[in-house]
Amino acid sequence: MAKFEPKDIRSVAIAGHGTSGKTTLLEALLAAAGAIKKPGSVDEGSTVTDFDAYEKETKHSIDIGLAYVEHGGSRTYLVDTPGYPDFIGNAISGLSAVDTALIAVDAQDGVRVNTRQVWEQAGKLGLARAIVVTRLDLEHAKWEERIEEIRETFGEACVPFTRPAGGTVGSGFAGVEAVLPTEGDPGDAASAIVERAVETDDELMMRYLDGETIGAEELGTAVHAAIRSGHIVPIFATAAERGAGVPELLEAFATLFPRADERRW
């Protein structure tokens with residue numbers, strides 16, 4: 001068994017309103033990381049974290065569920081939290097045990113009651129926050145509208161890190177792409193990430209304002225610090241049943257999310 005130091009460990013609670021696809025996303029993460037052979041199904045009652053008979057019958061989480069993935073030399077402990085208001089206490093308990101809240105927003109239904117509640121609770125606990133827009137392959141999915149709604153509700157710190165390829169969602173969904181390109185003009189969306197990241201470091205900001213290109217490694221360090229402080233809330237695009245956007249999330253866990261040795265409590 002691999003031995004992980006605190007610097008190699010992450011902890012993430014997947015939270016949000018009921019039916020926003022949290023458990024399905026967790027299954028896709030486990031499968032992509034090789035922890036299970038294939039994703040389980042909420043409808044079939046075969047998921048890792050919804051193992052209680054009543055959860056299987058009602059097809060939604062009641063208590064918190066625990067799992068972990070390993071990727072890029074790190075281990076991320078995942079807490080699957082219930083999304084219905086009746087079980088908000090259990091969701092809050094799950095948030096209390098992690099360093100990052102990954103808040104699911106359904107691409108069809110958008111921000112709902114429990115979305116706001118878990119966002120506020122994560123802020124009270126001083127957690128880093130990220131948002132995952134789920135189920136972008138469904139018929140009535142929307143992307144631009146969801147991003148506008150998220151930023152209006154939770155603030156300008158929320159910036160996309162991945163997006164639907166070609167901007168297409170629904171039946172024409174063809175996967176996701178990174179906002180930050182490896183070369184060439186970064187575009188407005190990527191510039192928003194860079195500008196918020198350099199704002200956390202005065203020297204870096206001056207170099208950026210002087211027109212200097214910030215290298216990928218140095219930018220990654222700045223983005224990590226900005227996420228940890230809440231100056232950046234990354235948004236990720238996913239369609240978990242297709243596995244789309246899931247590898248990018250695993251990479252974000254390993255490279256961008258807070259580490260256990262940075263814990264503030």
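**A walk from helix α8 to the sheet**

Just after helix α8, Gly230 adopts a positive phi of about 90 degrees. This is a predicted model, and that glycine is a handy place to start. The helix before Gly230, α8, covers residues 216-229. Its 14 residues reach 20 Å from the first C-alpha to the last, close to the 20 Å expected at 1.5 Å a residue. Among the buried residues of α8 are Leu219, Val223, His224 and Ile227.

Helix α4 makes a good companion to look at next. Its twelve residues, 113-124, reach 17 Å, close to the 16 Å expected. Here the buried set includes Val118, Trp119 and Gln121. Just after α4 comes Gly126, with a positive phi of about 75 degrees.

Now turn to the sheet. Seven strands form an open sheet with mixed pairing, in the order β2-β3-β1-β4-β5-β9-β6. Because β2 (65-71) and β6 (158-160) stand at the edges with a single partner strand each, one side of each has no neighbour in the sheet. From one strand to the next, the twist averages 25 degrees. Within the sheet, β5 (residues 128-134) and β9 pair in the parallel sense over three bridges, and Val133 stands opposite Ala237 in β9. Helix α5 (residues 144-154) packs on the sheet, where it touches β4, β5, β6 and β9. The direction of α5 makes about 160 degrees with that of β6.

Finally, find Thr238 in the loop between β9 (233-237) and α9 (246-255). Thr238 counts as buried because its relative accessibility is 0%. Beyond its neighbours within four places in sequence, Thr238 contacts residues including Leu25, Val133, Arg135 and Leu249.

Methods. Residues numbered from 1 in each chain as written. Predicted model: local features only at pLDDT ≥ 70, side-chain atom pairs only at ≥ 80, totals over all residues. Heavy atoms only, no water. Helix = DSSP H or I, 4+ residues; strand = E, 2+ residues; numbered from the N terminus. Expected span 1.5 Å × (residues − 1). Buried < 20%, exposed > 50% of the residue type's maximum accessible area, 1.4 Å probe, protein only. Contact = heavy atoms within 4.5 Å. Pairing = 2+ DSSP bridges. Axes fitted to C-alpha atoms, helices over the stretch in contact; angles between N-to-C directions.
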